[in-house]
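Biologist: Please take one part of this model and describe it closely, together with its surroundings.

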Amino acid sequence: MNVPRRHAKNPDVIGQTASLIGFLKEVVQSSNQRLRDDRRSRERLWLVAMPPSVRRPSDRLDGLLFTLDHVPQTSPPPLPDLLDGWVSTERCQDADGGDPPLEDEGPGQELVPAADGSQSWEQAAEQTVRREDADEVLRAYGPWLTRWRKWAERERAERALRELYDQVYGWHQKLTQQDDQLELVLATGLLTWSDPRGDAIHRHLLTHRVETLVDRKTARLTVRLMAEGAVRLVL
C-alpha cells in the first residue's frame with residue numbers, strides 16, 4: 001500500500017504534531033506520582049533480543065507469545081586417566097576460556113595390571129615427563145579435546161536459554177505469590193522524549209496483560225496474552 005508523503009506545512013501534519021507536543025507538555029507538568037520514565041523501576045525483556053532458537057511471537061488466536069523448555073546444565077567430558085595431572089580441571093569447566101592446554105610437563109604414566117587381567121594407566125611414582133615425550137598423553141589429548149570443544153560450543157549456546165528461562169520463571173513465581181500486586185504485560189509503542197530541563201519520558205503507550213504457565217511434568221514455560229484482557233492505552 002502506497003502512502004502519499006505529506007509536506008511539513010500540511011495542516012494535518014501541523015495539527016498532529018501540535019497535539020503530540022501538547023500531550024508531552026501535559027505529561028511533564030502532571031503530578032509527580034505519574035511514572036514517566038520506567039527504565040529503572042521495571043524489569044523487562046526485549047523480545048527482539050531473545051536467543052535465535054526461541055520462536056518469535058506471531059499473530060495467533062490463542063494469544064501464545066513464546067514457550068521455553070528447561071535446559072539442564074551439563075558437565076564437560078571427563079578427563080581420561082592418561083591426562084590426569086596434565087590438564088587443569090578448573091580450565092575444563094570454563095566454556096569461555098578457550099581450549100584447556102596441556103602442561104609443559106606432567107606425571108609419567110604406566111600400565112598397571114588389574115586383578116581381572118585388564119590393564120589401566122596410572123601415574124608412575126616420582127616420574128615427570130616432558131610433553132613432547134609423552135606420546136600416549138598426546139594421543140589421548142586430541143580426541144578428548146574434540147569432545148570438549150563440542151561441549152563448550154553447546155554450553156555457550158544453551159547458557160542464554162537457561163538465563164532467559166530463569167528470568168521468566170522468576171517472574172512466574174512472583175506472579176504466583178503476588179498476583180494482586182504485580183502484573184506482567186506485553187508493551188508496544190515506545191515513546192521517548194526529553195526537554196531541556198532534563199525531564200524525560202520513556203514508556204510504552206499500549207499494554208496487554210500476560211500470563212505464565214508451567215507444565216509440572218516437563219517444566220515447559222508458556223507465556224501468552226490473557227484471554228480476558230484488553231489492550232490498554234497508558235496516558
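Modeller: Two strands pair if DSSP finds at least two bridges between them; helices (H or I, at least four residues) and strands (E, at least two) are DSSP runs, numbered from the N terminus. The model is predicted, with pLDDT of at least 70 needed for local features and 80 or more for side-chain atom pairs, while totals for chains, interfaces and linings use all residues. Residues are numbered from 1 along each chain as its sequence is written, and side-chain values use heavy atoms, without hydrogens and water.

The part chosen is helix 3, approached from the chain as a whole. The protein chain contains 3 helices and 7 strands, in the order α-β-α-β-β-α-β-β-β-β from the N terminus on. Of its 235 residues, 28% are buried (under 20% relative accessible area, 1.4 Å probe, protein chains only; exposed is over 50%, partly exposed in between).

Helix 3 spans residues 135-177 and supplies 8 residues to the largest nonpolar core (buried Ala, Val, Leu, Ile, Met, Phe, Trp, Tyr and Cys joined through side-chain atoms within 4.5 Å), the largest share of that core. The core has 17 residues, and those touching the most other members are Leu83, Trp86, Val87, Leu102, Tyr141, Trp144 and Trp148. Beyond neighbours within four places in sequence, valine 87 is in contact (heavy atoms within 4.5 Å) with Leu79, Cys92, Pro100, Pro101, Leu102, Tyr141 and Trp144.

Two of these contact partners, tyrosine 141 and tryptophan 144, both lie in helix 3, 3 residues apart, or about one turn of the helix. Each of the two, tyrosine 141 and tryptophan 144, is buried. Their ring centres are 6.2 Å apart and their planes meet at 35°, so the pair is tilted (centres within 6.5 Å; under 30 degrees is stacked, over 60 edge-to-face, the rest tilted; for Trp the six-membered ring).

Helix 3 also holds tyrosine 165 and tyrosine 169, 4 residues apart, again about one turn of the helix. Tyrosine 165 and tyrosine 169 form a stacked aromatic pair, with 6.0 Å from centre to centre and 10° between the planes. Tyrosine 165 is buried at a relative accessible area of 6%, whereas tyrosine 169 is partly exposed at 31%.

A second, separate core of 16 residues includes Phe66, Leu68, Val71 and Leu184. Strand 1 (residues 64-68) has 4 of its 5 residues buried, so this strand is largely enclosed by the rest of the structure. Strand 1 runs antiparallel to strand 6 (residues 221-225), to which 4 bridges join it; there, phenylalanine 66 has valine 223 as its bridge partner.
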